[in-house]
Amino acid sequence: MIKRSQLMLAAVLGAFVSTTLAADSYVLGLTGDLTGRDAANSGAVADGIRIYFERVNRTGGINGHKVEVLVRDNQSEPSRAATDAQTFVNNEDLLLMITASLSSTYAPTISESKRKGVPVLFAGGVCPREVFPPKPDPLLFCTSGYAAETDVKFAVDYIQSVQKNATLGLISMAIPISRGSIDQAAEYAKSKGMKVIGHESAPPPTANYTPYATKLKEGGADWVLSWAPWVTQVKTFEALRQLGWKGNFISYGHNVAEEELKRIKDPGFLVFTTNGMFSDGQPVHKDVLATAEGKTKFPITYLNEGWVAAMTLEAALKKAGWPVNRAKLASAMDGLSVDLRGLRGGPITWTKTNHYREQLYYRVYGWDAAGNRIKTLKDWTSREVK
Amino acid sequence: MQTVANIAVLVAIYALIGSGYVLIYRVSRVLNLAQGELMMLVAYLLFSLATLFGGHPASALAGAVLLSLLVGLVLYVVLMRRMTGELVIAAVLVTIALGILLRGLMVLVWTGQMARPLEKLGWQNSPLALGHGVALSSVAVTTIFVAIAIYVGLFVFFRYTAWGVRMRAVGENPLLAAQRGIKLHVAYAMAWALATFSGGCAGMLLALDSGLDGTMAIIGLKAFPVVLVGGLDSLRGAIVGALIVASAEVLAIQLIDPLVSDVVPFVVLIAMLAVRPWGLFGTEEDIQRV
Amino acid sequence: MAYASGYFKTDYAMELRLIETRWQKVSAAVLVLALGVFPLISPQVAIGIANQVFIAIVGAAALMLLTGYAGQISLGHAGLLAAGALTTGVLFKELGATFWVTLPASAVVGGLLGLVFGLPSLRLKGLYLAITTLALHFVVAFVGGEYETRRGFSTGILISPPAIGGFALQEQQHWYYVLLAIAVAAMLFCINLLRTRTGRALMAIRDHDIVAESLGIPVRRYKLLIFVVSSTMTSVAGCLLAYYRGFVSIEAFSLYLTIDYVAMVIIGGLGSMLGAVLGALFVITFPYVIEGLLRVLPIPAGIANEMFAINYAAFGLVMILFLVFEPLGLVGIWRRVRNYFLLWPYRQTAVGGGGG
């Protein structure tokens, strides 16, 4: 009895899925954290991609074909991501999956992608180990700005270039990826002869960051480095200032960083990032502002990562041509080079041995109290990705 | 010294959230697992009111407090009243479902972005130096005073006012209470309103101190061990439970390893469940045992 | 309808039959046929959903035994699923163990954990038991999290598809038949267990444990037994889930998963195996149905993000509506409809007529 109703239901459902897809367009599937704990970050990536392709479609599409992005919400939960990925890979028309959520969703996505040979682009979240040289997974690509190990090393070098004998405090979020990178930062800083006063790690929901801040302050840190989701970084900093701490705090600049710098207005709060800020005023920034005006609930400065991913995808689809299939797209992505026109310090270049990029370009931004504006403390500095 | 101050702040936060659990459980024997979502909702309401009455922080705060009482009342009248007489676990499940519903609605209305009601109220969270090298944010100091005020208020209410005594009577034996002419539904509704208010205060203060996003609901759940340790039906227990859990947490951060702090509350909880499942101050007869 | 309109049993053998009337035989045959043909004519997506339903049926049946029949409330279900999946993941990753090793190993681990989860039930009932099992959930989650972090599997463990006699289970269709068989086997096991002395003892304990004890039922032994049986089944479901999904990640077994399963048995209808099936079907397909509904309604792309929040809120709302207005769950609705047709044109409660 029951199973028959299930059959009907599934048939109806199948009908939905098959009728809504137009096979004469490029179909991409995005699984992102739209309503979960990373919604401010991942949701903005999804919005950036959506708005970008809406414009592409208005102006004639790519190679004469429109781009359709199917969006699903995974709330950064692995089981939801698994369902999303399964739905996507089983859709015969779908060419590529985009993942914009926390790293907890990567295993299911990768697992499903391998089953059906669907390329995956990681956009906005941290890049998985599988995309890095020397031997990247042929199906996995990443455009995200940050890269754990290289990032923290750059930050440590920057601190040392500003203050030779800094006492360094470290804070991470108690999630594996953040803990791991900060552990590496500790080792690297020690090898550079810095004094490191331990590594604090706050669980994702923390009611009060003051105990962590107390420990950092009492340890005598004059610089604190954080590489974690934005809440941990900024709340630790604010708790430190509440305690009357006078040092400098440097943390990774996620896409919320620009608005946050303008809010905090503290010259001792610095961010290092691979994404240029809209205060740079490049033509591409003006273009994003004009295109996205009124189309997103996020501040437009959040759309950086999404825009980078969409520009890269557009280039990949253009190169893959029409007709196209999954394998053809994946091979087009191997050996792609995309000029990001100032959104980043340099291009995204993928090769057979590197699905990340060969050079990373970092900038350090801070607050100019006198001029009441964001200022660049260190201009694009390139780092080789090993 | 700073450590003591940190513990005091965390005790105040946990005790406020915990009082919400205790109030409802004590009067109606329902465990409200939507407590975290309710405190988040009240905090968001404050944010919206602060946006509306930008220039009048006092009216925004008063409005939020009134709304918190109203939300609790409405929830009882519309929803929880229907669960009277159902299985306890069914009522608990309703609160879980309510939590899911509220979280979805809150994302819908306020998105998942960080909201900062303090800025909307036009206030500064300036640090206060308390001597001996101890400093706390002004909101943190306020939290401690609010927690004390609310607890004193609740004790007075339950001890000296007619409705307080009635609510205690309902909690002890609803049947007898009803036969004495106490209106059960009024007592339950008041418990829900008060619990939403005191939990909501915790939510508002947390939001004022460090902003508000989707993770606040989980903080509500983190305070759950507090009331179990203290005893689900004892306000005094909630304070002691908060003291134990908060001290264990802060000391773990300070002295052992910050990573341990996340599991400490649950370790304390398991130890307590093994030894005294009804908690330090809970009513022993009350527990269902074989 | 397929049911007898009265109580026509004349001997014990008739009581033991699972299929009572000719009509039931016909509909069972149709059901088998429909289930068999389903993956041949349906799109991949639908088969994928069906596969998830089958795994959920195993887990929900286990919880139904424990909560619906023995009256023991557990909020540790996700922890037990995690234990099964994690056992599979660890054995696969550390020792390269095959399906034939990991499945029984998961069952054993589940059984042992069941013993541990069950111990508090000897002292506690109701809410406090639920909280204790909840605490144990956090212990499993903590152990799993530490293992993954320490071994460097922070984004989860990938597992290769299981090979059965050199044949790798990879396609949804193949999974479908395997999982269908397992789900049917689990159902038959539960239904038959409940028809034995054990089953009747469990129900007696649920209805009134003190009376059960005074009737000579060894309450403690049966409580532990049902915890072990239920946990073993749950752990096996966890192992299947790990293989079917192709990965193990402790974060996939959050408290929300427990809520999903508890919702299955509640929405399905406590105290009925049919309820477990209906509940699993409902909870798994619900998001897809809402999504489908939202897709046919004209919704501008700009509020795509909001669509998911709606989906999330709708699940909470439906759960509330069921708990408030239909405490007997889907099975309650089903029985009402059935009885209406069974007794038409009369309006009265059915006597006998076979339970769900």
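Arg341(A) sits in the loop that runs between strand S11 (337-338) and strand S12 (348-349) of chain A. This is a predicted model, and in it the phi of Arg341(A) comes out near 50°, a positive value in a residue other than glycine. As for solvent, Arg341(A) is partly exposed, with a relative accessible area of 43%.

Chain B has a case of its own. His132(B) is not a glycine, yet its phi is positive, about 55°. Look for His132(B) in the loop between strand S1 (127-129) and strand S2 (135-137) of chain B. His132(B) counts as exposed, at 72% relative accessibility.

**Helix H9 and what follows**

Back in chain A, which residues of helix H9 (residues 257-264) are buried? They are Ala257(A), Glu258(A), Glu260(A), Leu261(A) and Ile264(A). These residues lie on the same side of H9(A), because they cover an arc of only 165° around the axis. Their cover includes helix H8 (230-242), along with strands S10 (269-273), S13 (359-368) and S14 (373-384) of chain A.

Right after H9(A) comes Lys265(A), with a positive phi near 50°. Asp266(A) is also found past the helix, in the loop between H9 and S10 of chain A. Is Asp266(A) buried or exposed? Asp266(A) is buried, with a relative accessible area of 16%; the cut-off for buried is under 20%. Leaving out neighbours within four places in sequence, Asp266(A) has contacts with Phe237(A), Arg241(A) and Trp367(A). Ala316(A) is another matter: Asp266(A) and Ala316(A) are 50 residues apart in sequence, and their C-alpha atoms are 41 Å apart in space.

Helix H8 of chain A, part of that cover over H9(A), holds Thr236(A). Thr236(A) is buried, at a relative accessible area of 0%. Residues up to four places away in sequence aside, Thr236(A) touches Ile171(A), Tyr209(A), Ala213(A), Leu216(A), Val231(A) and Phe249(A).

**Helices H11 and H12**

Two packed helices are described by the angle between their axes and the distance between the axes. For helix H11 (residues 304-320) and helix H12 (residues 326-333) of chain A, the angle is about 115° and the axes are 9 Å apart. H11(A) and H12(A) make a right-handed crossing. On the H11(A) side the contact is made by Ala316(A), Leu317(A), Lys319(A) and Ala320(A), and on the H12(A) side by Lys328(A), Leu329(A), Ala332(A) and Met333(A). Sorted by class, the contact of H11(A) with H12(A) has six nonpolar, no polar and two charged residues.

The loop between H11 and H12 of chain A is home to Pro323(A). What is the form of the peptide bond from Trp322(A) to Pro323(A)? That bond is cis, with omega near -5°. Another cis bond in chain A joins Pro133(A) to Pro134(A), with omega near 5°, and Pro134(A) lies in the loop between strand S4 (120-122) and strand S5 (140-142).

On the other side of H11, Thr296(A) is in the loop between helix H10 (283-292) and H11 of chain A. Thr296(A) counts as buried, at 17% relative accessibility. Among its contacts, not counting residues up to four places away in sequence, are Asp47(A), Ile51(A) and Leu303(A).

**Sequence versus space**

Here are the C-alpha to C-alpha distances for three residue pairs.

| Pair | Apart in sequence | Apart in space |
|---|---|---|
| Thr296(A) and Phe88(A) | 208 residues | 25 Å |
| Asp266(A) and Ala316(A) | 50 residues | 41 Å |
| Val109(B) and Tyr44(B) | 65 residues | 9.5 Å |

Val109(B), from that last row, is in helix H4 (residues 88-110) of chain B. Val109(B) is exposed, with a relative accessible area of 55%.

**Where chains C and B meet**

How many residues of chain C are in contact with chain B? There are 38, and they meet 38 residues of chain B. Between them, chain C and chain B bury about 3,500 Å², with 79% of it on carbon and sulfur atoms. Arg123(C), Leu127(C) and Tyr128(C) supply 21% of the area that chain C buries against chain B, more than any other three residues.

How values were computed: Residues are numbered from 1 along each chain as its sequence is written. Chains are lettered from A and ligands numbered from 1 in the order in which they are written. This is a predicted model: local features need pLDDT of at least 70, side-chain atom pairs count only at pLDDT 80 or more; totals for chains, interfaces and linings use all residues. Side-chain values use heavy atoms; hydrogens and water are left out. Buried means under 20% relative accessible area, exposed over 50%, partly exposed in between (1.4 Å probe, protein chains only). Helices (H or I, at least four residues) and strands (E, at least two) are DSSP runs, numbered from the N terminus. The arc is that of the directions from the helix axis to the C-beta atoms. Contact means heavy atoms within 4.5 Å. Axes are lines fitted to C-alpha atoms, for helices over the stretch in contact, and angles run from 0 to 180 degrees between N-to-C directions. A crossing is left-handed if the near helix is turned anticlockwise from the far one by less than a right angle, and right-handed if clockwise. Ala, Val, Leu, Ile, Met, Phe, Trp, Tyr, Cys and Pro count as nonpolar, Asp, Glu, Lys and Arg as charged, and the others, Gly among them, as polar. Buried area is the accessible area (1.4 Å probe) that two parts lose on being put together, summed over both.
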